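The following dialogue shows how a structural model may be read, one feature at a time. The learner asks, and the teacher replies.

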Amino acid sequence: MTVVVEKTEPPGKPEATRPGPEPAPAGEARRIGRPLVIGAILVVWLVLFVVLRGRQTLALAAADLTDLHRWFNDVNDSIGANRNSNPLFLYFFNEIRLVIDHLVTFVQELISQPSAGRPLPQIGWLGVVGIAGYVSWAFGNWRVALLAVAGFTFLGLQGLWQESMDTLALTVSAVLVALLFAIPLGVWAGLSDRVNRVVTPLLDFMQTMPTFVYLAPLTLFFLIGGASATIATVIYAAPPAIRITAHAIRTVPETTVEAADSLGATRRQALLKVLLPMSKRTVVMGVNQTIMAALAMVTIAALIDAPGLGKTVVQALQSLDVGTAFNAGLSIVVMAIVLDRVTTAASTREEEARRSKNRFLAWRRPLLGAGAVLTAVLVFMSHTYVWAAEFPGEGGLGSSIAGAADTSTTWVQDNLSGVTNTVRDLITNGLLNPFQSLLTDSPWWLVGAVLVALGVVLGGRRAGITTAVCVGLLVATGMWSDSMTTLASTVVATILVMLLGIGFGVWMGRSRLVDRVLRPSLDAAQVMPPFVYLVPFLALFGATRFTAIVAAIVYAAPVAIKIIADGVRNVPETTVEAATSAGCNTWQIITKVQLPMARGALTLATNQGLIYVLSMVVVGGLVGAGALGYDVVAGFSQGQLFGKGLAAGLAIVLLGVMFDRITQAAARRAGA
Amino acid sequence: MARQARRWRAGAAGAAVLGLTLTACGGAKVGSSSSDAGGSSGSGKCGAFNLAVNPWVGYEADAAVVAYVAQHDLGCTVTKKDLKEEIAWQGFGTGEVDAVLENWGHDDLKKKYIDGQKTAVPAGSTGNKGIIGWYVPPWLAKAHPDITDWKSLNKYAAEFKTSESGGKGQLLDGDPSYVTNDEALVKNLKLGFKVVYAGSETALIQAYRKAEKNKEWVIGYFYEPQWFLSEVPLVKVNLPPYKAGCDADAEKVACDYPVYDLDKIVSAKFAKSGSPAYDLVKNFNWTNDDQNTVAKYIAVDKMTPEAAAKKWVDANRAKVDAWVK
């Protein structure tokens with residue numbers, strides 16, 4: 001249930017976040033005063049907490065429902081009951097389902113599933129590897145082509161060829177469908193401020209609403225199978241492409257557009273000949289993010305019978321078979337890294353080609369032609385001959401990987417659990433418990449007022465208004481107390497994420513070598529399905545809130561680290577040199593020069609860290625975090641709790657929106 | 001221009017030569033041997049049979065055996081669909097699921113789909129008895145034999161304290177799939193415990209496994225038949241015995257969980273279809289030991305469900321014959 005909430009602009013331009021109309025409040029007096037005001041708010045809160053503790057906390061027991069939850073249940077039931085007579089189903093949803101089903105089946109028969117009259121798919125492993133290599137080379141460069149060939153062959157050696165191809169087929173279908181909507185919508189949102197304002201909250205909703213909440217209703221609309229899995233993936237994976245496309249259109253320099261206008265270009269011409277070509281590179285980054293998000297859905301889609309690697313992971317974990325689950329998880333990681341590197345290379349290809357005066361450039365076209373012929377031959381052979389169609393061997397590599405993973409997790413569990421228990425108790429008792437009781441035992445209006453006040457101080461009046469609305473809606477969901485429990489864990493996890501982010505981010509930002517060594521493991525941590533590492537974590541930390549926090553850190557820290565590393569690297573070389581020649585030592589350079597100058601990146605990292613941590617709330621619910629995460633999981637499993645799960649999902653969205661708006665506004669101020 | 005054309009020609013010729021060499025080394029062709037096509041499927045009058053597989057190993061054992069028999073004895077084309085319970089029941093109405101093989105109580109779903117939408121009908125017991133209750137690891141039951149009586153739980157409450165239980169003893173709950181009365185039980189039996197939601201079966205099993213290994217104090221919600229009990233034979237704590245109706249008011253429950261008669265549910269359409277697969281599902285009946293055996297093949301011996309089913313069916317032909325007679 002990896003839920004990637006990616007709303008970063010492509011790295012390198014953290015400051016250019018959504019051009020908001022909000023003016024940055026200038027004036028030295030206020031800037032100095034802000035920490036003081038925050039301190040004062042916190043002191044008032046503590047004092048009132050002592051006085052009012054335990055009153056009006058809006059607690060709701062695990063099995064209790066509110067009227068809103070019952071109403072959600074009724075709506076869901078009536079949809080299910082009227083499914084076969086409702087014209088909306090007969091003529092609308094069924095048609096969509098049919099189209100998408102056909103697409104998925106077509107791609108599956110091409111590469112993963114036996115098709116009519118054949119015991120094997122149309123294109124065998126050799127053909128797929130050939131196509132992957134050729135396409136990577138044509139759109140990227142020969143290095144990523146090599147990576148693609150090696151990566152795809154590795155999938156076969158792991159003994160997971162068919163599963164991998166099922167996952168690939170589903171990912172490809174979902175990405176195609178997503179882009180079909182996302183790019184036009186993104187362009188529109190890029191051209192029109194009004195559309196952008198309407199679309200943004202919708203995208204927030206699509207990305208932060210836990211998939212578990214809508215998975216069951218989705219199968220009611222689109223039935224069990226490929227279509228539902230694809231649509232669930234599209235809902236989650238399309239937003240990054242929309243956001244990044246819109247951003248790309250917006251960041252085309254004003255002067256270029258004006259030049260086109262003055263040359264008499266029509267709107268259409270300006271769009272097709274100027275805006276789109278100039279934003280192509282960034283749009284490809286959006287495609288990249290969509291692919292990553294789609295792969296993050298693999299294990300969730302398995303819960304509604306989507307074939308592929310996700311199923312292997314889910315099934316292995318029913319018997320706590322970490323090794324097998326890890327092997328399948330590794331396949332997902334390999335596929336993600338290959339697709340990521342290839343699309344990244346594709347986005348920078350033209351520039352690179354222009355820069356490097358490659359003497360093979362003249363040979364490129366004939367070579368491409370020859371490559372196409374070779375690929376066609378490979379595809380033909382893999383269609384015809386068994387050895388090229390079915391991956392040979394028993395997947396011995398896979399079982400040794402599984403074995404090694406088993407051995408190492410057992411070792412870690414046996415030898416480290418003493419240390420881990422100490423760390424857990426220290427953080428739980430020292431930080432989490434006091435903070436949680438402060439949040440859950442204060443009256444709701446007090447916490448609400450504190451949140452609104454913090455919103456105003458950090459983000460300005462508009463952020464304050466958003467916060468007030470979110471607090472009101474949180475109370476309306478009936479999930480206030482659980483939201484506060486989740487909030488406490490979320491904040492603690494985010495603090496730890498930022499500590500890691502600053503530590504590793506600075507290290508990576510200062511050294512290319514460290515960056516190159518660490519980056520693949522960061523990528524792996526982001527796409528490895530959390531289910532895989534939860535089992536050893538449970539053994540180390542037990543079913544506790546702390547386990548949930550650790551899982552969230554594994555998932556969220558890489559993003560924070562990457563953003564901070566970029567920020568540190570973007571500090572001008574000359575500034576650092578000047579500080580060095582002024583006699584600063586390394587520690588002083590980091591704390592007095594690099595970190596302050598990367599302030600924008602730090603705020604963005606906090607924003608993304610928080611949102612990513614929030615997206616792990618449901619996973620946390622599976623390992624002892626309780627609260628909102630558990631409510632969502634239970635709502636997915638028990639019919640009568642559906643409404644409550646939906647309300648909990650809404651509460652997670654509200655927390656996300658609240659944080660996002662406050663930190664975004666704060667980031668704009670810091671950047672200004 | 002001419003130079004470029006020459007390069008093209010050279011490239012094409014090279015590729016063609018390469019292609020010819022590669023094709024020449026050929027080998028067996030796809031689809032040339034008829035045995036690949038899976039001759040046994042679809043040949044009988046049974047046709048398609050869509051079987052839901054809910055995500056726990058015991059169910060997988062049921063499904064493996066029924067699917068194996070349906071395929072090999074009846075010639076059905078079996079499609080197994082991995083689904084959570086609620087979604088599987090929804091599938092009755094949409095026609096995508098024919099049978100659910102192991103239903104644990106789930107009165108909510110019965111009310112909605114059997115009585116309400118009338119898309120599902122019951123198809124009798126599986127013969128398995130589902131037991132739900134509070135369990136402790138075996139070392140604990142051995143070291144403190146009186147712990148299996150609920151009356152002595154308060155005496156040990158302090159030992160069960162964890163970072164999550166806020167000063168009380170921790171009662172680890174929580175596979176979210178099942179209804180629990182545990183919060184009411186703790187209150188009504190006046191126990192100094194707090195219910196902590198582990199959130200998944202995985203989390204529960206891992207907690208017990210660790211507790212047995214490191215001699216830790218754990219008490220929690222568990223159930224049988226379950227493959228994990230063949231690895232660590234957990235001991236059940238005796239709550240005040242269940243009497244019919246003692247759990248009628250969820251707020252006032254102060255008794256143990258009833259023994260569930262695990263049953264099979266099929267779609268209304270499937271029940272009327274006259275498919276031999278329906279008769280198989282209806283007649284399917286075995287003991288907890290049978291299920292545990294197959295579940296152990298799958299979970300502990302890491303056999304594929306098909307292999308596990310074949311092993312059991314070969315050893316228990318008489319039972320199988322009674323289902324398909």
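The discussion below concerns chain B of a predicted model.

Q: How many helices and strands does chain B have?

A: Chain B contains 13 helices and 9 strands. Of its 325 residues, 45% count as buried.

Q: What share of the contacts in chain B with a separation of 6 or more joins residues 24 or more positions apart?

A: Such a share tells how much of the contact network links parts of the chain that are distant in sequence. In chain B, residues 24 or more positions apart account for 75% of the contacts with a separation of 6 or more.

Q: Into which domains is chain B divided?

A: A domain may be assembled from separate segments of a chain. Domain 1 of chain B comprises 41-129 + 261-324, and domain 2 comprises 130-252. Their C-alpha centres lie 30 Å apart.

Q: How many residues of each domain are in contact with the other, and which elements supply the side of domain 1 of chain B?

A: The contact involves 15 residues of domain 1 of chain B and 10 residues of domain 2 of chain B. On the domain 1 side, α2 (57-72), β4 (120-136) and α11 (288-299) of chain B each supply at least two residues. The largest share, 6 residues, comes from α11(B). By class, this side of domain 1 of chain B has 7 nonpolar, 5 polar and 3 charged residues.

Q: How many residues does each chain give to the contact between chain B and chain A?

A: Chain B gives 60 residues and chain A gives 64. Among the elements of chain B that each supply at least two residues to this side are β2 (77-82), α3 (85-94), α8 (201-214) and α11. The largest share of the chain B side, 10 residues, comes from α1(B). The side of chain B that touches chain A has 27 nonpolar, 19 polar and 14 charged residues.

Q: Is strand β9 of chain B mostly covered or mostly open?

A: In a regular strand the side chains alternate between the two faces of the sheet. As for burial, strand β9 (residues 260-267) of chain B is mostly covered, with 6 of its 8 residues buried.

Q: How many bridges join β9(B) to β3(B), and how many join β9(B) to β4(B)?

A: Strand β3 (residues 99-103) of chain B is joined to β9(B) by 3 bridges, and the two run antiparallel. Within β9(B), D263(B) stands opposite N103(B). Between β4(B) and β9(B) there are 6 bridges, again with an antiparallel course. P122(B) has I265(B) in β9(B) as its bridge partner.

Definitions and conventions. Residues numbered from 1 in each chain as written. Chains lettered and ligands numbered in written order. Predicted model: local features only at pLDDT ≥ 70, side-chain atom pairs only at ≥ 80, totals over all residues. Helix = DSSP H or I, 4+ residues; strand = E, 2+ residues; numbered from the N terminus. Buried ≥ 20, exposed ≤ 12 C-beta atoms within 10 Å, placed from the backbone. Contact = placed C-beta atoms within 7 Å. Domains from an automatic or database assignment. Nonpolar A, V, L, I, M, F, W, Y, C, P; charged D, E, K, R; others polar. Pairing = 2+ DSSP bridges.
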